[in-house]
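Ready to practise reading the places where parts of a protein meet? Have a look at the model below, then work through the exercises.

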Amino acid sequence: MNFNLSDEQKMIRNAVDKFIRNDYSFDARKKVLDTEHGFSRSHWQQFAEMGWLGIPFAEDQGGLGGGILDIAQVMEAFGTGMVVEPYLSSVVLAGGLINMGGSQAQKDALLPALIEGKLLLAVAYTERESRSNPVDVQTRAEKSGGGYVLNGEKAVVLGAALADKLIVSTRTSGNRLDEQGISLFLVDSKAAGVSIQGFRTMEGGNAANIKFSGVKLTADALIGQEGKGFALLDNAIDHATVAACADALGSMHSAMRKTVEYLKTRKQFDVPIGSFQALQHRAVDMFTAVEACRSMVLMASLKVSDTNPVERKMAVSAAKQFVGEKARLVAQQAVQMHGGIGMTEELDIGHYFRRLTMFCSLFGTTEYHLNRYADLMAAA
Amino acid sequence: MNIEFSAEEKAFQQEVRAWFTKNLPADLKHKTEIGQMLGKDDMIRWQRMLNEKGWLVTGWPKEYGGPDWTPTQRYIFDMERARANAPIGLSMGIIMLGPVLMHYGTQEQKDFYLPRIRNCEDWWCQGYSEPGAGSDLASLKTTAVSDGDHYVVNGSKIWTTYGHWANRIFCLVRTSSAGKKQEGISFLLIDMDTPGLEVRPIISIDGEHHLNQTFFTDVRVPKKNLVGPEGQGWTVAKYLLTHERTTIAGVADSKVHMANLKRMAHENSANGQPLMADASLRTKLAKAEIDLLALEYTNLRTLAATAAGKAPGPESSLLKLDGTAVQQKLSELGVELAGQYAWPWKADSVGPEEFAATTMRYAFTRAATIYGGSDEVQKNVIAKMVLGLNFK
């Protein structure tokens, strides 16, 4: 038994850390934030050249053939540097979904371009009323001629303001909350009948609301089998959730370290405020939270590929619930212990606070995952 | 990264499991299962069985009669021990005094005491805390004054767990009041039947007699009973803190406790439905299980480092804090599940026998965040030693 990273994983981590140090300082990041969508084309090309966009994909597609532990190395470092480019939504979630359930033709058409940095993807599964639950799908795709016609609406779709192509969850049969009857389609974001209203999100990235009005799709736009798309979507979201937890771990670790350093240097009443036991104990609460979250990220990384979906879902929900709860604690304490300066846009602490706050409801809220875990636990 | 046990470790696991299935006496299994207290005779009987098999002093090196297990084997043994509902060894002699004697004891002390601990001829208790020295242990005042070949000991020790079962006590005593308060402390072995030594019971909030106060009035102790040099008792006692503790988090027993709570929630009902159907209770159980899972992986990280011969990382410092938090949460859920069936106090009840025992477990487990360095002291230490919040 060992928790050692492989040489390849260490190399990835070192390379991403170096990128954050050299090219993604808090000031450099500010320039990315000032762009329209929070996106730097040159950073993205750099990711492509470093091979990071190809980590989870097969070598014959141009990828590195890595797994979630490799992705977690990138994500944790991205969390430390608060990278806003849509790696999670485009590569991990959308790319991961195609990789798991796309046809060979779909993989050939999408993955090499994604890996080279020429294509951005997003998974449009959340709706106005669906909140955390990806089963709640009202967007409809109806058979028409040899293909389908798509009507409906998706809301707060991560990375969609920039995406060239969308993977859209639709209902082709069944009732609103049925797992059966959900089908996934690949839709060009420029196609007739697709209208995208992009906006920025609290952590600096992008998202969009999307309307589909009589969008015509050919039969080969279907990903996987008709009516059986949910299992694939759920699995892809679970993998992305683990990656998001690794990102949150990076942010939490940085916020904790920076807070501890501040406690050592900030003086009030002629002494460092870190000499006060009331603050020491809360700093320890932050520290223990971060270490326990590291354990949970390792646990979920090791279990997310379990072929038994119940094992997988319980592991992922346990991690998301746990890390979500601790992310809230670390984010709030980091601001509180910095005092007034922690409230300002000019300090990084508030940016960690917003990134961690968004994490808490990303891919399902803490409560959603607690309930999902509890229901599976009770049925086991 | 790989968290599978090796083929040899899995074979070992099966061997241990089979032995427990075959040999654990049914009465001890039942008492452990429902969380009832074991008597001294129960403990001695069980420890002698383990010793005969060579599995009692599992943390001791081979030369002192240990089984020469790896840290991973000791972890597996503890998991199987808990899984079988076998009693946990509460022996201060095995866990605490043994390692101290191996490191600091004279040859004569090792030759005499270690086999007696292993063969359950001696029952040791610990004399550290005093009425005025709890978390601030170094302020202890029990004195040992030199008188020829003897020390004369006066004072009192408190929270002497199973002192009423013990025939010997290892104590921290003050041999000098000069210098820093840590410097005048010595580590002394005392026979409980020495004239002037008296043990008085303290009944704890679970209604049981685990604890005592021990009084020393002109108790004469031979100087050959000193462990380590005079005045070095603080260093000797601290040695135990650095001793490998891959089971300090109590994961093995908490996993069994968790499984029992879930079973209770399925087996018992309210409103004509299993308790597990209650969403609020179900999520509380789920949250406890999630916290336990995080603890288990933190523990595995420490185990993996220890097994590889490395110093455990910073994560090991939270094993006691988080481990005891989980134990307390589980025991709290126990009384919550039992509801009013937890009320009967050492009496027969209408509810399942295990419900009445939940109160005792809940009450007794409050001690977990007080003994062995309270939560608050643990946090002081982590702030200083790990986070570097150390200011003069």
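**Exercise 1.** Work out how many residues each chain brings to the contact between chain B and chain A, and what the chain B side consists of.

*Solution.* Start with the count: chain B puts in 34 residues and chain A 35, where two residues are in contact if their C-beta atoms, placed from the backbone, lie within 7 Å. Next, find the elements: on the chain B side, α9 (279–307), α10 (319–338) and α12 (375–385) each give two or more residues. Helices here are DSSP runs (H or I, at least four residues), numbered from the N terminus. Of these, α9(B) has the largest share, 13 residues. Finally, sort by class: that side holds 21 nonpolar, 5 polar and 8 charged residues. Ala, Val, Leu, Ile, Met, Phe, Trp, Tyr, Cys and Pro count as nonpolar, Asp, Glu, Lys and Arg as charged, and the others, Gly among them, as polar.

By the way, this is a predicted model: local features need pLDDT of at least 70, side-chain atom pairs count only at pLDDT 80 or more, and totals for chains, interfaces and linings use all residues. Residues are numbered from 1 along each chain as its sequence is written, while chains are lettered from A and ligands numbered from 1 in the order in which they are written.

**Exercise 2.** Describe how domain 1 of chain A meets domain 3 of chain A.

*Solution.* First, split chain A into domain 1 (7–120), domain 2 (123–229) and domain 3 (230–379); such bounds come from an automatic or database domain assignment. Then count: domain 1 of chain A gives 20 residues and domain 3 of chain A gives 26. On the domain 1 side, α4(A) supplies the largest share, 10 residues.
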